[in-house]
Amino acid sequence: MNGLFCPESVVVVGVSESADNLGRNVVANLVNLKYPGKIYAVGPRGGEVFGVPVYSSVSQLPENAELAVILTPARFVHEMLAQCGEKGTRYAVIESAGFRERGSEGKILEKEIRETSKKFGIRFVGPNCVGIVNTSCNLYAPFVAYGEPYRRGKISVFAQSGGVALCMGQRLCTSGMGVGKLVSMGNKLDLDEADYLAYLMDDPETDVIYFYLEGFKRGRAFADLARRCSKPIILHKSNNSTVSSTIAQSHTAALAADDQVVDSVCREIGILRVHSVTDAIIAAKGLSLPPLKGKNLAILSRSGGHAVVAADACASHGFHLPALGRDILDETQRHTRADVIRLGNPLDLGDIFDLAFYAKVMGMILRQDDIDGAVFIHVSNMAIEREATRHLLQNLSAMASQYGKPVALVVEIPFEQRVRLEKESESPFFLDPVEALQALATRWTAGSRAGETVDRIKQETKEVTIPVKDIEKWFDDIARQNRQPLLHEALDLLDLTGIPTVPWRMTGNLDEAVQASFKMGLPVALKAVSPSLLHKSDRGAISLNIDDAESLRTEWNRLQKVSDDLSGILVQKMAPTSRELVVGGKRDPSFGPVVLTGLGGIMVEVMKDVSMRVAPIGTDTAMKMFAELSGKRILGRFRGMREADLKAAARILVQVSLLMHHFPQIREMDLNPVSLNDDGNGAVALDARVLIEAAR
């Protein structure tokens, strides 16, 4: 995408001399902020803006422009794109609105744009976007007029919302960090989050990647790329509620995804998910600091109260405060005035007014081997300290780089001084100790996960396989009948796959049921089988612990009446157990097949204590999923029971993940419950439900 971000020439289409013309703003940005390439402008009225002549059509341009920025009414965009394509342009930013976010008429216009772009091989941003920025080559192409350029930095911002993009750009520049690239992605009709991530992974001008998304266009591709990305990714995924989805559909035509799946993908891969611009800025500040090699911190503060707040925040994030060396404490003691403060970690400097000494003691602390980083809290309301404060903060930032240890600077100074610091500081600082510790926690998390994001191919299981060809025949038989599988057919699928089930038999009359029951051994369970009985316990369509012929006959007759479309009654050997799991899969619209597990039975719907992963998975991942459950304690040794056979359960979870992976026609799959034998040996599925896409 170098032609998009580093073009040698730009043409702005839709320019006039009118003061409120948005294309005019784009030209102003390019001229005033010193874009070094050639600048062209096109508009039907001609004229001149900021010394740039306005051509009445693209065909009149003296040469091809590498990048086109289009700001015309939506109905003219495909025509302008075609003219640019005929001239040789291969990249475009379509900032015009009025497409799918406006309904069916806008979708027709989008179709025209797609066809035109494919004809000429044009890749484009948008439509319905604010524009793009690349600070490394002074490319400022948004339609909002910039008063001054961004502070140049290594954090790149890619946001589906133009407002969020501009807000992040401004906040990064007033937080001591700056911006690398900034893109308002808009409707993502062509280039999407996966395309941008693929580019940013190898972009030397980007160290940290930020995405604001209201919906994924290619979530699975994005996740697979993120798994291989060595750079930290901050994701602000919104549109995760019914209320916000209504807004999003009229804003950038985004569709709400399953938020729990997004959380799971982020947790598994190591993407740092945030839920506000403020949290994103805090995370970015943390990632701008040197990495933490451990969780031991030192706190230095001019305010005892701030030190206590910081210590509490340390504890909440799992940081430790080791004792400071005797030489550090003795040196600090020699500089105190009234000898009224007990020295330790946190180190209270409130009795010392020598700011140069603060830098000296910080150097001593950073040299201490068992200190991995520090929080420095500077509280100053004295005008006389204004310049000394600025120099102190510069020195402390330099020390962090010198010693390769992060120093989170918390600054409590008068508003006017803070504004100046925001404009001048070349390193991040914080306004609150809690924010500083949150940032350090982000820095630690990003560093500790850096080695875990391996390629998915290496994670796929080799020891667990499924007979794909045999299972294909099962699907063909169901598809020919154009219906959903029934209970006994779902159990057939499990048997084909190799997933253990308790002995069962589908029966059509009482004699068959009696014969099957005595053959497999009492007690048994009876389950009514019908297309309308998805949740059998709610309809009284199941009978458990039948241990004699008379009870069998009574329950058989009762179950005959629970449904008008009864297909038969399934007889199943009882498998008494104290512990159950649910194992299932679903097809997420953004990420494709996912698998989940949780404690089984009806309580999974109430407690929602589940763990999810994108399929397929291996046995190691399956075991991690069990470990993530809040109720995992019951799976271990518990009240005389042996530890559950989680390896057997993991095998079932892997097999379900392979089914979801190999057979895209499965929309949803539910094994509930999977029984974990009390003797700690084995796991079996007692019930199954499979929903496929082909049936209507």
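Q: What percentage of the 696 residues in the protein chain is buried?
A: This is a predicted model, where local features need pLDDT of at least 70, side-chain atom pairs count only at pLDDT 80 or more, and totals for chains, interfaces and linings use all residues. Residues are numbered from 1 along each chain as its sequence is written, and side-chain values use heavy atoms, without hydrogens and water. Buried means under 20% relative accessible area, with a 1.4 Å probe and protein chains only. Of the 696 residues, the buried share is 56%.

Q: How many helices and strands does the protein chain have?
A: Both are DSSP runs, numbered from the N terminus: helices are H or I with at least four residues, strands are E with at least two. The count is 24 helices and 28 strands.

Q: Which strands stand at the edges of the open sheet β16-β15-β17-β18?
A: The four strands are paired in parallel. Strands pair if DSSP finds at least two bridges between them. An edge strand has a single partner, so one side is left without a neighbour in the sheet. That describes β16 (347–348) and β18 (407–412).

Q: Which residue in β18 stands opposite I377?
A: Strand β17 covers residues 373–379 and pairs with β18 in the parallel sense over six bridges. Opposite I377 stands V410.

Q: At what angle does helix α11 run to β15?
A: Helix α11 (residues 304–316) lies across β15 (297–301), β16, β17 and β18. Axes are lines fitted to C-alpha atoms, for helices over the stretch in contact (heavy atoms within 4.5 Å). Angles run from 0 to 180 degrees between N-to-C directions. For α11 and β15 the angle is about 160 degrees.

Technical notes:
Buried < 20%, exposed > 50% of the residue type's maximum accessible area, 1.4 Å probe, protein only.
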